Amino acid sequence: MQEYLRRLLKDKARLRKWKRIMIALSCIVVVCTVYALSLPAQTLACDKEEHTHTAECYDENNELICEKEEHTHTDDCNKQEEVNEQEEVVKDEPETQNDDEQVSQESEEETTTTTTETTTEPFDLNNSVGKIESIVITDDKNNSSIPGGTLSPNSKFLKITVNFKDINASELNSKYGRSFSYTLPKFFRMTGNTNTTIKDKSNIVIATIRVEDRKVVITYTEKYINSGTNTSLNGDFFVEGEVDLSQLNKNDGKTILTTPKGDITLDYGQDYLEKFGDVEVKKAYSKPDPKSDYIQYTITVSSQNGSKNVYVVDKFTNNSQLVSYMGDISNTPQVLASSPDGQKPYETRTTDVAGKIYLTDMQTSDDEIPKQVTDSSSINQPGSLVWSISELKPNESRTLTYFVKLSDDKNLNKQSITNTASAYTKKEGGTTYPKGKYDETFTPTVSYDMKKTHDEKYTKDAEGNYIVQYKLEFTLNSSSDYPLKNFMFYDYLNYHNIRTDETMLPYISYERSTVELYQTKDGKDTLVDPSNYKVEWEMDGTNYKADWSNSDGNPKRFRIRGTDSNPFTVYPGDSYYVTYKLKVKPEVYAAMQSDMVTINNRYIANADNAKDFDSTILNRTFNQLDLNDYTWVQKDKKNTVTDKDQTISMSGSDIYVKKNDSYVKDSSVNSFKVPAGSYQYTVNVNQTMNQFDVTEATLKDVLSSEVMHYVGYVKITPYEYDATANKYVNQDSKWVKIDNETTFELKLSQIGFPSNNNSYRFDYYAQTNDLSEVGKVEVKNTFSLSGDVVKGNQTFKFNNVGSSQTIQVNGHYSLSVNKSAWYYEKPQENATSYANGKLYWVIEVSGSAIRKDTQIQDAISKDTGLKDSFLHSDSIVSIYQGKAGKNVNLYASFEDFKNSNKGLVDKSKSFDQKFDNSKNFSGTDVYSELTLTANETISLNNDEKLYIVIMTEPQSLPSAYRAEFTYRNVALMKDISDQSFIERSSASQILYGGPNILKELGRVRPNIYV
């Protein structure tokens, strides 16, 4: 009993002790709760609903169908509000509890504990034993390694596949928000899409995958997790990315992947940074100063993960001959400075470890870094530039700046210069790994204006020579991006395609002392010091020289260039011009035997480093100077004829008549009459301002047709040129008889004019002859100058230099030809000629007269769709002149026509006959053309006509019923003023097969049936 009581008291003491402990714990809970409630309440200020896309947010095609926006509440979404609540003070007072109260309290505590264990964090595969079946890692070739083995990838690409098993679906749903996670190893870095979906065999989305901070989270759809068919989840997922090189062992390039079945070693090799390190290369150029010959290039390399032993090979891949590297780059590696120093290359970097640079031969393979050369003189310029960097730290970037010079003596204009920077990594003695390249193309271009002009107000010296000032202009526009080196002005009188006629060149010369060069700046023209340039001369070639003398001849070209020690450079924005004078002697007119001469003058601009035309010169232009102050022969005619008879007096003047081949004076007359209707002509000869003598030249005037002749005498008046008044002053005239002639010819010396340089004026009249047999005739009157034209001791041989005037003479002559079809005459029985019968045709000729040699032709038509008929040697039935009583076609037959018109006159003997066969008919005595030529003039008076009756034989006749054959003849005429036959009229006859019908197919003219 005592022992029982002792245990009872001991148990009671233990219960009392537990009661005190529970009371103390309750007090702590109360105090903490009151404190928490006493804090300011947090009020959610954000009006957005917290939402993360799950598999239910995507359709079967993995397209987002959710209308909610993804959002996670952050501290910015909350604001503090003061909650004024009365703090509740809980006092720790002694309390008595019975056993039932204690049990109830313990039950409540257990309930509270169960509730606080619920969480929405994904289920963690990494820390869950037995949930990962296996982990497989593969490279870009799908190579993998078993646990305990080694994988040696050939790229940074990695794929991790995780096979999971036995994940309780209900627990995953209720405790982990339908999600589980897998933390990726540190060496793995995602590169692609971090959000995707998982689909079942029916292509239905059952889960989503997202990656956040190296943690892969798989969330199943609510529909899938609650389907009841998946109590335990098994499967796999994979992610793709690349290795983070910074996590590899720096000594051997290895790392470890831990899997449930053992570790897998990834071995990237000791040169992993060279092989797998990323190196990005970029290139740029600038040319801020267009007046400079230099281009500034920059190459920038950078690396995200870092890399070692980086090389950049820079070379010019197009038009490399146009540039050269500057800065005295050695053939052995030199440490790069970090700041500019003239045109030396320098490196912009953020570390103290400098890169190096050297110049070597042109790179021959894009897969190799060119080796150093021992002798810099052996480098085939411009060579290749090599920039080496021992190490690029992660996220480091550095820039190389270097300069190249444009060529001074090669064409740069519009030539694309391409420069390529190629990046490599290579450990000493190791493999070369290309890392990419970058190209830049610079195309030098010049824009310019050039023109050549001459002063329109040219002058003349005392000897009558033209003095013309020329101007050659050149401006290199500011938009040009490089200067022109060894620039030259060229001027040519005898350039190969634009040149002055060689005949004139002996009389054209440069005034050599007048050549001057000017520069235009700020709108002001400044004469350039002649000591700063050279003017060089040449005849026809390219051996220009400055010390030209008269004994060297008359130069035909010149050029302006800089001195040997200081070639002429034109910078963008510069303007220059050249002026000079050209002397043109009057002899050019006589040399060309022309009233106008043209001086073609070519201007060429050239520079050693710019070609824009034909790859040989910069460009060219020309100027044309037309001179037309002199007149050798000028003929004029008054627009109207004389309206009345005139008497022209010749009193007091010498009068000459032609006798044999010379002219003698005639004092028997002192006047002559000019009838009304005469044409007045005027000819001015040798209006050359007293420069030339034409007194021994032959002067000739010709009327082209005999329908006109001269009237009376020609008046010849000398004129002396007054240079001061710039006019010609007349002297005493002479007269020469030309009456009834159609041409006259003389030398001025033959009629008493002494040798002199005067000009001369010829005045004379011409009139038409009887126009009764004249139709429309063009009469050209031409005056010509031939023979010796003299200036000083030089004689020029002229050949028919002339001037003409043409008039249209309208006579009374007219002639028309008309052809008509008459009738068909059937053949006689057993006929031996015209076996197919005869087709009769009539040609009617009317007008004023038929002039001798007029030709009238009858021809078988060559039109298609016709039947031929033949002309025979007896086809001319008759040729009558007279006036028929009625239209010939109204007569029944030729006999009827002849018997009804007894007064007609037979004119057959007035024509010559000729037969031709241009249609090449076969057989004898068959022709296709008959030509009648009038052997005398036949006047047609009182409306008379000429009737030519012709018969032809059809080649074939229609035989079938209603068959239709058409025959056609053509009448042509060639008047004495015509060059060829002209068709004047045609006619057709139609023969039908079958019985006689009055009308066939609605025709209104009679038809003939056979």
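In the predicted model, tyrosine 823 has a relative accessibility of 12% and therefore counts as buried, the limit being under 20%. Its neighbour in sequence, tryptophan 822, is likewise classed as buried, at 10% relative accessibility. In total, 57 aromatic pairs were counted. One of these is formed by tryptophan 822 and tyrosine 823, with 5.1 Å from centre to centre and 85 degrees between the planes, an edge-to-face arrangement.

Tryptophan 822 also pairs with tyrosine 840. The ring centres of tryptophan 822 and tyrosine 840 are 6.4 Å apart, which falls within the 6.5 Å limit for a pair. The planes of these two rings stand at 85 degrees, and because an angle over 60 degrees is assigned to the edge-to-face class, the pair is edge-to-face. This contact joins distant parts of the chain: tryptophan 822 belongs to strand β51 (residues 815-825) and tyrosine 840 to strand β52 (residues 838-847), with the two positions 18 residues apart in numbering. Tyrosine 840 has a relative accessibility of 6% and so counts as buried.

Tryptophan 822, tyrosine 823 and tyrosine 840 are members of one aromatic cluster, which also contains Tyr880, Tyr891, Phe894, Phe897 and Tyr947. Of these cluster members, tyrosine 891 has the charged end of lysine 886 over its ring, 4.7 Å from the ring centre. A further contact of this kind involves lysine 159, whose charged end sits over the ring of phenylalanine 238 at 4.3 Å from the centre.

Backbone geometry was examined next. The peptide bond leading from glutamine 381 to proline 382 is cis, with omega near 5 degrees. Proline 382 is placed in the loop that connects β21 (356-360) and β22 (384-392).

Positive phi values at residues other than glycine include those of two asparagines. Asparagine 686 has a phi of about 65 degrees and is part of strand β42 (residues 679-687). With a relative accessibility of 1%, asparagine 686 counts as buried, because the class covers values under 20%. Asparagine 690 also has a positive phi of about 65 degrees, but lies in the loop between β42 and β43 (697-703). The relative accessible area of asparagine 690 is 23%, so this residue is partly exposed, the class between the limits of 20% and 50%.

Note on methods
Residues numbered from 1 in each chain as written. Predicted model: local features only at pLDDT ≥ 70, side-chain atom pairs only at ≥ 80, totals over all residues. Heavy atoms only, no water. Phe/Tyr/Trp six-rings, centres within 6.5 Å; stacked < 30°, edge-to-face > 60°. Buried < 20%, exposed > 50% of the residue type's maximum accessible area, 1.4 Å probe, protein only. Helix = DSSP H or I, 4+ residues; strand = E, 2+ residues; numbered from the N terminus. Lys NZ or Arg CZ within 6 Å of the ring centre and 35° of its normal.
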